[in-house]
Amino acid sequence: KLMERDYTIFIPEFIACGVAVFVIFVELMWPKIQREYLAYLTAAGALAWGIAGLFYIGKDPVEFQGLILSDDYTTFFRLLGAGIVFATSLISAHYLRTRVQTAGEYYGLLLVAGSALVYMAAAEELITAYISLELLSFCLYILVGYLKRDRLSAEASLKYILLGAFA
């Protein structure tokens with residue numbers, strides 16, 4: 001039996017990762033842009049991601065090659081991930097204003113981490129869940145240590161990496 005390849009189940013995460021690339025591109029092209037605008041762009045992308053996820057509520061479960069299953073459980077984590085990224089980006093707009101020179105990577109990593117969260121929930125096989133968990137962990141390792149000049153951020157990043165390495 002030939003397995004179906006329905007790429008439409010990835011549309012919300014395509015939006016999230018596309019916005020992540022776009023946010024990094026915007027900061028690359030206009031380096032003097034205010035960091036708050038990147039936060040608001042990320043929040044708008046997370047909102048679009050959440051709205052796209054709403055269209056999957058109550059749909060019949062669809063799987064992709066036996067690796068990813070899109071059902072109401074996955075939709076819950078889509079909405080949860082989009083909400084977390086939305087709230088975090090708005091809170092970070094004020095926090096990062098005076099602490100960093102560039103913020104595009106921060107907001108891009110937030111969106112990619114949210115997508116990894118969704119794929120971890122949607123995984124049907126252990127290897128898919130493991131790869132999603134690793135993607136989420138790598139994003140979080142970088143986000144924890146994002147404030148390079150801050151001693152507490154560097155210490156937390158080192159402890160988090162060591163904990164992940166020995167776990």
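Tyrosine 37 lies in helix H2, where helices (H or I, at least four residues) and strands (E, at least two) are DSSP runs numbered from the N terminus. Welcome to a predicted model, in which local features need pLDDT of at least 70, side-chain atom pairs count only at pLDDT 80 or more, and totals for chains, interfaces and linings use all residues. Residues are numbered from 1 along each chain as its sequence is written, and side-chain values use heavy atoms, with hydrogens and water left out.

**A nonpolar surface patch**
- Tyrosine 37 is partly exposed, with a relative accessible area of 48% (buried means under 20%, exposed over 50%, partly exposed in between, with a 1.4 Å probe and protein chains only).
- Tyr37, Tyr40, Leu47, Ile51, Leu54, Phe55, Ile57, Phe86 and Leu90 form a nonpolar patch on the surface, together offering about 900 Å² of accessible area.
- The elements giving two or more residues to this patch are helix H2 (35-54) and helix H3 (72-95).
- H2 gives the most, with five residues.
- Such a patch takes residues with over 30% relative accessible area and no salt bridge, joining like charges within 9 Å and nonpolar side chains (Val, Leu, Ile, Met, Phe, Trp, Tyr) within 5 Å.
- A salt bridge is a side-chain nitrogen of Lys or Arg within 4 Å of a carboxyl oxygen of Asp or Glu.

**Helix H3**
- The buried residues of H3 include Phe77, Arg78 and Val85.
- Among the elements that cover the buried residues of H3 are helix H1 (11-29), H2 and H4.

**Helix H4**
- In H4, 15 of the 19 residues are buried, so this helix is largely enclosed by the rest of the structure.

Definitions and conventions. Accessible areas come from the Shrake-Rupley method with a 1.4 Å probe; for residues, only the protein chains shown count as cover. Contact means heavy atoms within 4.5 Å.
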